[in-house]
Amino acid sequence: TSGQVVIGGTDIYQMTESQRSLWRGKNLGIVFQFFQLLPMLTLLENVMLPMDYVNLYGFNERPKRAMELLKMVGLDEQAHTLPLAISTGQQQAAAIARALATDPPLLVADEPTSALDVSVQAQILNLLLNLRQELNLTYVIITHDLAVVSQVTEKIAVMYAGTIVESGPTEAIIYDPKHPYTQG
């Protein structure tokens with residue numbers, strides 16, 4: 001209810017709502033829990049959409065960039081497919097490609113594996129880990145499953161009732177047998 005939100009030296013609440021919306025589009029990639037792909041657009045069109053919103057890349061460059069991202073997540077052969085014609089794991093991979101469409105420095109993933117079965121969950125976590133290393137991304141992953149964050153993050157913050165109650169290196173919080181949040 002009070003304070004400032006300063007990211008990369010920019011106080012985002014000193015901007016108008018439309019400036020903030022454009023800033024989010026350029027600086028923040030979001031991976032939603034249930035993909036949020038537009039069902040009437042192909043995977044290629046879904047990935048190009050954020051580029052259109054923030055006017056990033058020339059009109060003729062966008063399909064090439066979107067195809068590069070789909071290839072990065074293993075979906076280049078399904079580029080002209082509608083989302084409902086592919087598996088849920090593939091839909092999540094397409095959503096990750098879309099979140100990277102504007103080359104954001106920050107990727108926020110809301111329960112990115114909760115709608116997936118265990119084997120597909122592992123594939124998506126490996127994809128996130130590889131992309132983080134390849135693209136030098138900063139992630140914020142929101143999840144109830146500490147096993148998820150233990151695989152792809154170096155730091156963790158535990159929230160309770162909207163307040164951060166603990167933060168630190170992932171291994172210190174998750175793997176310490178005396179710790180109340182331990183999984184192992």
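Visitor: Which residues have the most contacts inside the largest nonpolar core?

Guide: This is a predicted model. In the largest nonpolar core, the residues with the most contacts are Val47, Leu70, Val73, Ile96, Leu107 and Ile124. The core has 42 residues.

Visitor: Which elements give two or more residues to this core?

Guide: Five helices and three strands are on the list. The helices are H2 (43–54), H3 (62–72), H4 (88–99), H5 (118–135) and H6 (146–152). The strands are E4 (106–110), E5 (138–142) and E6 (155–160).

Visitor: Take Leu70. What does Leu70 touch, not counting residues up to four places away in sequence?

Guide: Leu70 touches Leu43, Leu44 and Val47, and also Leu75, Asp76, Ala79 and Ala97.

Visitor: Pockets next. How much space lies in the largest pocket?

Guide: About 810 Å³. The lining has 22 residues, and Ile141, Val149, Lys155, Ile156 and Ala157 are the closest to the centre of the pocket. E5, H6 and E6 are the elements that give two or more residues to that lining.

Visitor: How do the residues of that lining divide into nonpolar, polar and charged?

Guide: In the largest pocket the lining has 14 nonpolar, 5 polar and 3 charged residues.

Visitor: And the second largest pocket, how much space lies there?

Guide: About 450 Å³. The second largest pocket is lined by 17 residues, with Gly25, Phe32, Pro50, Tyr53 and Arg98 nearest its centre. Helix H1 (17–27), strand E3 (28–31), H2 and H4 each supply at least two lining residues. By class, this lining has 10 nonpolar, 5 polar and 2 charged residues.

Visitor: Back to E6. In what sense do E6 and E7 pair, parallel or antiparallel?

Guide: Antiparallel, over 6 bridges, with E7 covering residues 163–169. Lys155 stands opposite Pro169 in E7.

Visitor: How many residues lie between E6 and E7 in the hairpin?

Guide: There are 2 residues between the strands. Ala161, in the turn, has a positive phi of about 55°.

Visitor: Different spot: where is the place of Ile12?

Guide: Ile12 is in the loop between strand E2 (10–11) and H1.

Visitor: Does Ile12 count as buried or exposed?

Guide: Buried, because the relative accessibility of Ile12 is 9% and the cut-off for buried is under 20%.

Visitor: Leaving aside neighbours within four places in sequence, what is Ile12 in contact with?

Guide: Ile12 is in contact with Val5, Arg20 and Trp23. For Ile12 and Trp23, the C-alpha to C-alpha distance is 8.2 Å, and they are 11 residues apart in sequence.

Terms used: Residues are numbered from 1 along each chain as its sequence is written. This is a predicted model: local features need pLDDT of at least 70, side-chain atom pairs count only at pLDDT 80 or more; totals for chains, interfaces and linings use all residues. Side-chain values use heavy atoms; hydrogens and water are left out. A nonpolar core is a set of buried Ala, Val, Leu, Ile, Met, Phe, Trp, Tyr and Cys residues joined through side-chain atoms within 4.5 Å. Buried means under 20% relative accessible area, exposed over 50%, partly exposed in between (1.4 Å probe, protein chains only). Helices (H or I, at least four residues) and strands (E, at least two) are DSSP runs, numbered from the N terminus. Contact means heavy atoms within 4.5 Å. On a 1 Å grid over the protein atoms alone, a cavity is a set of points where a 1.4 Å probe fits but cannot get out, and a pocket is an open set with protein on both sides within 12 Å along at least five of seven lines; lining residues have an atom within 4 Å of a point. Grid points are joined across faces, edges and corners, and a volume is the space filled by probe spheres set on the points. Ala, Val, Leu, Ile, Met, Phe, Trp, Tyr, Cys and Pro count as nonpolar, Asp, Glu, Lys and Arg as charged, and the others, Gly among them, as polar. Two strands pair if DSSP finds at least two bridges between them.
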